[in-house]
Each structure stands twice: as C-alpha cells, then as structure tokens.
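User: I would like to learn how to read the features of a model such as this one. Please take them one at a time.

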Amino acid sequence: MFAVIGLVVGVVAGILIEPTVPTGLQPYLPIAVVAALDALFGGLRAYLDGVFDERVFVVSFVFNVLIAALLVFLGDQLGVGAQMTTAVVVVLGIRIFSNAASIRRHVFKA
Amino acid sequence: MRTVPEQDQRPAGEGTSAATRLRQLVLRRQPTWVHVLIVLLCAAVGFALAVQVRQAQEDTYATMRQDDLVRLIDELGARNRELTEEGVALRRELDDLESGTSSLEAAREAAEQQARVQGILAGVLPVTGPGIEIRVQDPTAQVTAPTFVTVLEELRNAGAEAIELNGQRITASSWLGTRTGGLVVSGVDIEPPYVWRAIGDPQTLAVALDIPGGALASIRTAGATAEVEQLERVEITSVRELRQPQWATPAPTDEG
C-alpha cells in the first residue's frame, strides 16, 4: 500500500518539479525505468506466490536497474547502443509480460 | 513470518492464499526499514517515469543518441546540398531565359532594321534624303523607253537607292514601255514633262548621268532637253505594293 502511495508521490513529484535530465544520463533513464518496472512486477508476483522477500526485492531492484544501464552503456561504447537498448527493452518487456501473466492468474484465477 | 488462518489451506489452492496476501498487502501496517526502502524505490521509479515521459514528449532530439543525431545531421546536410544545387541550376536557367529574351529582342530589332532596308530597296516605304532631280522637257514625245532605261541603268550604276519617275516608284520589277504621246511605267501611262527623282550621292549621280555619250546625251540626241539639279533633300513619297511571291521560297541556309 505504501509502495503504491510512494509510486504516486514519485509521479506527482516528477510532474511538479519538472527536472531536466543530465545529458550523460539521458540514454539510461528509460532503460532504468523499464528495469525498475520489471523489478516491481517481479516483486508483486513473488509476493503473490508467497516467496516474497524484502531483501531480495531491494537487491534485485537495484541490480536490475544497474545491469540494464550498464548494458546500454557497454553497447554505447561498442557502437551498438541503439541495438542494445532495443535488446534490453525487449528482454525486460518479455519478463514484464510473463510476470504480469502470473499476477493475472493469481488475481483473476484465469 | 506472517501467520494467517488461510495459509493452512494452501494445498487446497494457491488462488485463495494469493488473494489473501493481496488483501494483506493493502492492509498491512508494519513498517520496517526495508519497507521504507521499498517505498522510496517506488517513489524513485514513479519520479523517473514521469520525468522520462515528459522528456520524451517535449524534445525528440534530446533523447536521441549521438550516432542517430549525426546521421540526422548528415541527411540534413545532404538534403541542403541537393537543394542548393537545384537552386543554382534554376538560377542558371533563369539567367538563360532572360538572356534569351534579350537576344530575342535583339533579333527583332535586327529584323525591323532589315525590314526597313528591304522596304527602301523594294520601294514599299516613302523615303527622303540627298539626291538629284532630272527634268526632261519633251513636248513632242520623242523620248522612247530604251532611252529612259539607259537613264535608269545609269542611276542604278551610280548607286541610287530610291528612284521615282513622274510619281511612279521604280524598283527591280518595274518596266518601261513606249506609247504614242508618252511612256508607260509598269502599266501606268505618263506624259511629258518627265521628272526623275533619285536618292543617292548627288555628285556621283550627276556626274554619272552627264558622261559623254551617256544617259543625258542620249536624251538630248532624241530631241528633248534635260536638266539635272543636285538637291540636299529629295522626297520620294510614292510606293509600290509588293506581291507575295507565289513560286519562290527562301532556300534553307546551311548554318542556322
């Protein structure tokens, strides 16, 4: 519940403060957001599965975000930044979908 | 770590326990430092989400990669170059067309000039200029056409540019004939006294007519009198009408 409130508060703050993203971070922010969304869905699924662990969730959240950003950074250095971004987004998207499917089965039993 | 009655029924079906856990998630009130951290992380995600969405909406170029931007600039440069070349080509075409117009005007002027010259030579334009006047007194009509043809030839040889005899313009196609009491010029009867008017160098014309055994001499031999007057200004107002050539057409020239 607090997590949902935190999410809403973050969105409102982002809209109200209107910060400018530093140029160096611009390629990584969207990937980090997608990775964080993946971690959120994964946490929810784990909770519904009864295997949720706060520590695991926090660590996996931070690691997912960092690894996604690192991959994109590496891709940029190798000259395949755009492709790497696409690859990461595709993989995370697949994970989000499968997590969402599990959650859906739990919630709607279908 | 949480003990709820439903957990005992887990083997019966996961769905019930999941629903219970979902209810717990909403209702739970036991904040630990990990929960605070999770809330903070969620807030960060929401914040980043909002920022990124706004960023992506307001500026398409800011979120693009460096190589994408470079490619975009390359494309823009190439397009710019193409348009510049097209502009240069069009400008050149415009210049060509303008100079074409001016050369067309020059050609028209030349054609008008040519038409004036041809008009004078063909006798379709009234002309004026220095020249001579020959008065031939021939009360008894002794002068015959051949005599006047001699006069005409002499005037032409001396460079007369326009010739008139008794108000009849003499051109290349004019002819002279003899009749009783006068002459015929191109089908028109004329009678004495005859008046020739010729435009050209007065001195040259007068000298040419006056040579011994020449035109004036033959007139006098025929029994008439002729006097030549050199004039600063002779007006020849009579014109001939040109007939459109029926058979002859200009031969095509080799050079355009």
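User: How many residues does each chain bring to the contact between chain A and chain B?
Analyst: Two residues are in contact if their C-beta atoms, placed from the backbone, lie within 7 Å. Here chain A contributes 37 residues and chain B 32 residues. This is a predicted model, in which local features need pLDDT of at least 70, side-chain atom pairs count only at pLDDT 80 or more, and totals for chains, interfaces and linings use all residues. Residues are numbered from 1 along each chain as its sequence is written, and chains are lettered from A and ligands numbered from 1 in the order in which they are written.

User: Which helix gives the most to the side of chain A that touches chain B?
Analyst: Helices are DSSP runs (H or I, at least four residues), as are strands (E, at least two), numbered from the N terminus. On that side, α1 (2-17), α2 (29-49), α3 (54-78) and α4 (81-108) of chain A each supply at least two residues. The most comes from α1(A), with 11 residues. By class, the side has 26 nonpolar, 7 polar and 4 charged residues. Ala, Val, Leu, Ile, Met, Phe, Trp, Tyr, Cys and Pro count as nonpolar, Asp, Glu, Lys and Arg as charged, and the others, Gly among them, as polar.

User: How do α2(A) and α4(A) pack?
Analyst: Two packed helices are described by the angle between their axes and the distance between the axes. For α2(A) and α4(A) the angle is about 25° and the axes are 9 Å apart. Axes are lines fitted to C-alpha atoms, for helices over the stretch in contact, with angles from 0 to 180 degrees between N-to-C directions. That makes α2(A) roughly parallel to α4(A) (angles under 35 degrees). Among the residues that meet are I31(A) and F41(A) in α2(A), and L92(A) and I96(A) in α4(A). This contact has 13 nonpolar, 5 polar and 3 charged residues.

User: In what order do the strands of the chain B sheet stand?
Analyst: Strands of a sheet pair through backbone hydrogen bonds, either parallel or antiparallel. In chain B, 5 strands form an open, antiparallel sheet in the order β3-β2-β7-β1-β8; two strands pair if DSSP finds at least two bridges between them. Because β3 (168-170) and β8 (225-236) of chain B are at the edges with a single partner strand each, one side of each has no neighbour in the sheet. The twist averages 25° from one strand to the next.

User: What packs on that sheet?
Analyst: Helix α5 (residues 202-209) of chain B does, touching β1 (127-137), β7 and β8 of chain B. The direction of α5(B) makes about 25° with that of β1(B).

Definitions and conventions. Parallel < 35°, antiparallel > 145°, perpendicular 65-115°, else oblique.
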